[in-house]
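Reader: Please present the structure, and then let us discuss how its parts are arranged.

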Amino acid sequence: MPELLDHTPSGVSSRLSPEARFARWAGGLGAATALAIAVFLSWNLLGSLSFALTLRGTRLGAIVLCAVAISVSTLAFQTVTANRILTPSIMGMDALYSLLQTVMVFSLGATAWITTPEPARFVVELALMVGFSLLLYRWMFTSKPGALHLMLLVGIVLATLFRGVTALLGKLLEPSEYTQLQDLSFASFNRVDPTLLAVAALIIAVAVFLLWRLRHSLDVMALGRDTAVSLGVDHRRVTTAVLALSAVLVGTSTALVGPITFFGLLVVSLAYQLVPGAGHGRLVIISALLGTLVLVAGQFVVEQLAGNSTTLSVVVEFAGGIVFILLLLKGALK
Amino acid sequence: MSSTVAAPAAASPAAAGSARPGRGALALGLGAAAVVLLALVSLFVGVADIDPARLLAGDPAAWELVWISRLPRTLAAVLAGAAVAVAGLIMQQLSRNKFVDPGMVGTTESATLGILVVTVLVPAAPMLAKMGVATLFALAGTALFLALINRLPTRDTLLVPLVGIMLGGVVAAATTFFAYRFDLLQTLNAWMIGDLSGILRGRYELLWIVAAACVLGYVAADRFTVAGLGEDFTTNLGMNYKATVRLGMFIVAVISAVSVTTVGALPFLGLVVPNLVSLLVGDHLRRAVPLTVLIGSGLVLACDILGRLIRQPYEVPIGMIMSVVGAAIFLVLLGARRRGRTTARTSPPARATAGGEHA
Amino acid sequence: MITIENVSQSYDAEVVVDRVSASIGPGLTSIIGPNGAGKSTLLGLIARLQPLQSGRVTVGGLDVTTTASKQLARTLAILRQENQVSLRLRVRELVTFGRFPHTGGHPTAHDRELVEAALERLDLASLADRYLDQLSGGQRQRAFIAMVLAQDTDYVLLDEPLNNLDMKHSVAMMQLMRTLVDEDGKTVVVVMHDINFASSYSDSLLALKRGALVAHGGPEEIMDTEVLESVYDMRIPIHEVDGKRLGLYFGSPQAARQA
C-alpha cells in the first residue's frame with residue numbers, strides 16, 4: 001500500500017495522482033479565467049456595444065498578454081537561476097527597461113525618439129534590453145552558484161539604482177521632454193495603443209513558444225547545474241536563452257502596462273503549490289492561467305467595484321509582498 | 001609604538017581598530033575637517049550668488065540669505081545626515097545584520113504611513129503631534145520587523161534584509177493606496193524623496209530632536225555593542241537585553257520619523273555609512289558613532305551640493321542623488337563581500353554579525 | 001579509456017589541480033588523497049562540469065571541451081556529492097531523467113524498462129513512488145545512483161558514492177561498481193576517502209596531493225607504507241589479511257608522528 005507509506009505533509013492532496021491534480025486545476029482555472037473574461041467584457045455595458053467591447057477588448061488583450069508574459073518568464077527565470085525567490089522584476093529587469101527608455105530620450109532628444117514609428121522604437125528598445133540583460137545578468141548566474149541571497153540583494157539594489165538613475169535623468173531633461181517621456185513610460189491598462197498591442201502579441205507569442213520548446217531541458221535544469229550538465233543539457237546555452245527571452249517578455253510587458261514587481265513571484269509560487277512536482281510543461285500552463293485569472297479579476301475589481309480608487313499594481317504589490325514574507329517565514333524558499 | 005602597530009593580521013577589524021588608535025583619530029580628524037569644508041561650500045552654493053567677500057563686508061542682504069536659507073539648509077543636512085546614519089548603525093546592531101537600514105526595512109515607510117494617517121484624520125494637528133504619531137508608527141514597524149526576523153527559520157545574513165525590504169514594500173503599498181484615495185500622492189512624494197530645497201529658518205528646528213537622539217545613542221553605545229553580540233551574551237553580562245532593544249528601537253523610530261517629516265527619506269544613507277565605518281574602525285559603537293556622524297553629514301552635504309550644481313538653475317532633490325550614489329556604494333560593498341567569500345573559503349567567519357552564511 | 005593530458009586548474013591564484021596527466025581505465029579506478037587534494041575538481045573537469053583552463057581530457061576518444069554536451073551525456077555520467085533538488089519529485093521520476101540524453105524528455109517503453117531495471121538494481125522498487133524529500137540520506141543517494149545507471153553510459157564517475165551509506169550499503173555499492181565493470185564492461189571512476197574500501201574493490205588507484213598526481217597503480221603498488229606516506233604525510237602500517245592489503249591508519253598518535 002504505497003498510499004499508507006506516503007507521509008506527505010499535505011495529506012489528502014497527495015493521494016491524487018499528479019495527472020489528475022493537473023487536470024483538475026487546469027480545468028478549474030481555465031473555467032474561472034473564461035468566466036472572469038466574460039464578466040470583464042460584459043459587466044455594466046452601456047451605450048454603443050461594439051465601441052465598448054473594442055475598448056475593453058484592447059484592455060483585456062493587454063492584461064492577458066502581460067499576465068502570460070510575466071508568469072511564463074518568471075517560471076523559466078527561476079529555474080535557470082535555481083531558486084524560487086528571484087524573478088526578472090525583482091532583479092530589476094523592468095526598471096532596466098524604463099532606464100533604457102529614458103536614456104534613449106536623454107541621448108537622442110524626445111522629439112527625435114518619439115517621432116520614430118512605434119513598432120520600430122519598440123524593437124530597438126527590446127534589442128537594447130536583451131543586450132544589456134545578457135551583459136548584466138549572465139555572469140551573475142553562470143559564474144559561481146550558491147550565493148543566492150547575495151544575488152537577490154544585488155538585484156534589488158540594482159533595481160533601485162536603475163529607478164534612481166531614471167528619476168535623476170528625468171530631472172535633467174527639459175521639462176517638455178520630460179512630459180513626453182512620462183507619456184511613454186507610464187503606460188497603464190487604461191491606455192493601450194492597438195498597434196503596439198498587435199506587435200506585442202506577436203513578440204510574446206514567439207517568446208512563449210520558444211520557452212515552451214525548452215520545457216524538457218528546464219525540467220532537467222531544475223535538478224541542479226551539475227546534474228543537468230551530466231545529463232547533456234547545455235547549461236550555459238539554456239541559461240542565456242531563458243535570460244534573453246525573459247528580457248524580451250518583461251520588456252514587452254513593461255512597455256504595454258508598466259512595471260508590476262511582485263506579480264510573477266505571486267503567481268509562480270502559487271502554481272508550485274497547486275501542482276507540486278509537475279514538470280515545466282504543466283507549470284507553464286497553470287501559471288499562465290493563474291496569472292491571467294489574477295490580473296483580469298484584479299483589474300475588474302479595481303475598475304468596477306472599487307471605482308478606480310486605486311491601481312492594480314498597488315494591490316498586487318501589497319498582496320505579493322505579504323505572500324513573499326509568509327513564504328520566507330515558512331522556510332519554503334531556500 | 002611599533003609593537004602596537006604590528007598587530008597580527010588575522011585579528012578581527014574591531015581588534016585591529018583597538019590596536020591602532022591612531023587610525024581612528026586620524027579618520028575622525030580628517031572627517032571633521034571635510035565636514036567643516038563641505039558645510040562652508042554649502043553656505044555659498046545656490047541660485048543667488050553670495051561670496052565670502054560680501055559677507056565679510058557686512059552686506060545685509062547676503063547675511064539675511066545666509067540666516068534664512070543657507071545656514072538652516074546646511075544645518076539640516078548635517079543633522080539629518082548624522083542622525084539617519086546613526087539610526088542605521090543602531091538598527092544594524094539590533095538586528096545583528098550589516099545589510100539592514102531603517103529606510104529599507106519598514107521603519108521609514110511606517111513613519112510615512114503615520115504622517116499620512118494623521119494628515120488625513122487631523123489635518124490641523126501641530127507638526128510636533130504629527131511627528132509623535134509618525135514615531136509611534138515607526139516604532140510599530142520596527143517592532144514588527146524585529147519580530148519577523150526572530151521567527152525566520154534560518155538567520156541567513158542576507159535573508160534578514162530581504163524580509164525587511166518586502167515589509168517596507170508592503171507598508172509602502174498600503175501608504176500609496178491611502179494617498180491615492182485621499183489625493184495626497186503629491187504630498188507623499190515630498191516625504192518619500194528627500195529634498196532640502198524647501199528648508200528655511202523655522203522649518204528645520206525640530207531636527208534638533210534627532211541631535212538629542214544621537215547623543216542618547218552615543219551614551220548608550222556600550223549597551224548596543226553588547227546587544228549586538230546576542231541575547232544570551234547580553235544576559236550573561238547581567239544586562240537587560242529587551243530594555244536595550246527597546247531603547248534602540250525608540251531612538252531609531254524618533255530619528256526616522258523626524259527626519260522623514262522635515263527633509264524626507266534619504267535612501268541608503270543608514271546602510272552605507274555604518275558599513276564604511278565598520279571597515280575603518282570596527283564595530284564597537286563607542287568608536288563607531290562619532291565617525292558615523294561625520295561621514296553621514298559629510299555624505300549628505302556633498303550630495304546636496306551636487307544636487308544644487310548638476311542642473312543649475314534647477315535643483316535635483318537630494319533623495320534622488322542619494323539613491324544613485326548610495327546604491328552604487330552598496331553594490332561595491334556587496335561586490336567586495338562576494339570576492340571576500342571566494343578567496344577566504346577556508347578561513348572561519350571573521351565576525352558573528354557577518355558570518356551567517358558560511359557552512 | 002579516459003586520457004588526461006597536462007591538466008591544471010586554479011581559482012583565485014590558488015592551484016587546485018597541478019599538471020596532471022594520466023590514462024584511466026578500463027576497470028574500476030579510485031581517486032584517493034587527503035582533503036583539498038583536488039580529487040573532486042579533477043573528477044568535475046573530466047566530466048566537463050567546469051571548463052578546462054589548460055590541458056586536454058578525452059573520454060572514450062571524445063574531447064570533453066569540443067564534443068557536444070548531449071553526445072557526452074550518452075558516453076559519460078557523473079554524480080556529485082551534493083544533490084539537492086528543489087522540485088518535489090518521486091524517485092521514479094528522478095531516475096527517468098537519466099534517459100533524458102537519449103530521449104529528450106519523451107521516454108519510450110524501452111526507456112521505462114531501463115528505469116525499472118535501474119530501480120531494481122539499487123533495491124529501490126518499493127520506494128519508487130516516494131518523494132525524494134521523504135527518503136533518508138542513503139536512500140536518496142541510491143536514487144541518484146539509479147539515475148546514473150539509467151543514463152546507461154560506458155563511463156561512470158562518482159564523487160564519494162559511499163557518503164551517507166552504512167557499512168552494509170557501502171559494501172553493496174562497491175559490489176555494484178564491480179558488477180558494472182565485470183559484467184557490463186563499464187569504466188568506473190570514484191573519488192574515495194577510505195583507502196581500504198578503495199584498494200579492496202579497485203583495479204587501480206590514483207593518488208593526488210595538493211593538486212598533483214603522486215602515485216598511480218594497482219592496489220598492491222599503492223597500498224605500501226612508503227607510497228601512502230608520500231600521499232598522506234602519515235605513516236600507515238600495511239597488514240595482509242586474507243590476501244588483501246589493509247592500511248591500519250586508525251593507530252596511535254605515534255603513527256602520525258613517526259613521519
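**Domains, core and a helix crossing**

Author: In chain C, the centres of domain 1 and domain 2, taken over C-alpha atoms, are separated by 25 Å; the bounds come from an automatic or database domain assignment. The model is predicted: local features need pLDDT of at least 70, side-chain atom pairs count only at pLDDT 80 or more, and totals for chains, interfaces and linings use all residues. Residues are numbered from 1 along each chain as its sequence is written, while chains are lettered from A and ligands numbered from 1 in the order in which they are written.

Reader: How many residues does the contact take from domain 2 of chain C?

Author: Residues are in contact if their C-beta atoms, placed from the backbone, lie within 7 Å. Domain 1 of chain C gives 11 residues to the contact, and domain 2 of chain C gives eight residues.

Reader: Which domains of chain C give residues to the largest nonpolar core?

Author: Such a core is a set of buried Ala, Val, Leu, Ile, Met, Phe, Trp, Tyr and Cys residues joined through C-beta atoms within 7 Å, buried meaning that 20 or more other C-beta atoms lie within 10 Å of a residue's own. Among its 286 residues, C:Ala146 is one of those touching the most other members. The core lies between two domains of chain C because both give residues to it: domain 1 (2-75 + 155-257) and domain 2 (84-152).

Reader: At what angle do the axes of helix 4 and helix 12 of chain A cross?

Author: Helices are DSSP runs (H or I, at least four residues), and axes are lines fitted to C-alpha atoms over the stretch in contact, with angles from 0 to 180 degrees between N-to-C directions. The axes of helix 4 (residues 93-108) and helix 12 (residues 235-257) of chain A come within 9 Å. They cross at roughly 65°.

Key
Two residues are in contact if their C-beta atoms, placed from the backbone, lie within 7 Å. Helices (H or I, at least four residues) and strands (E, at least two) are DSSP runs, numbered from the N terminus. A residue is buried if 20 or more other C-beta atoms lie within 10 Å of its own, exposed if 12 or fewer, and partly exposed in between; C-beta atoms are placed from the backbone.
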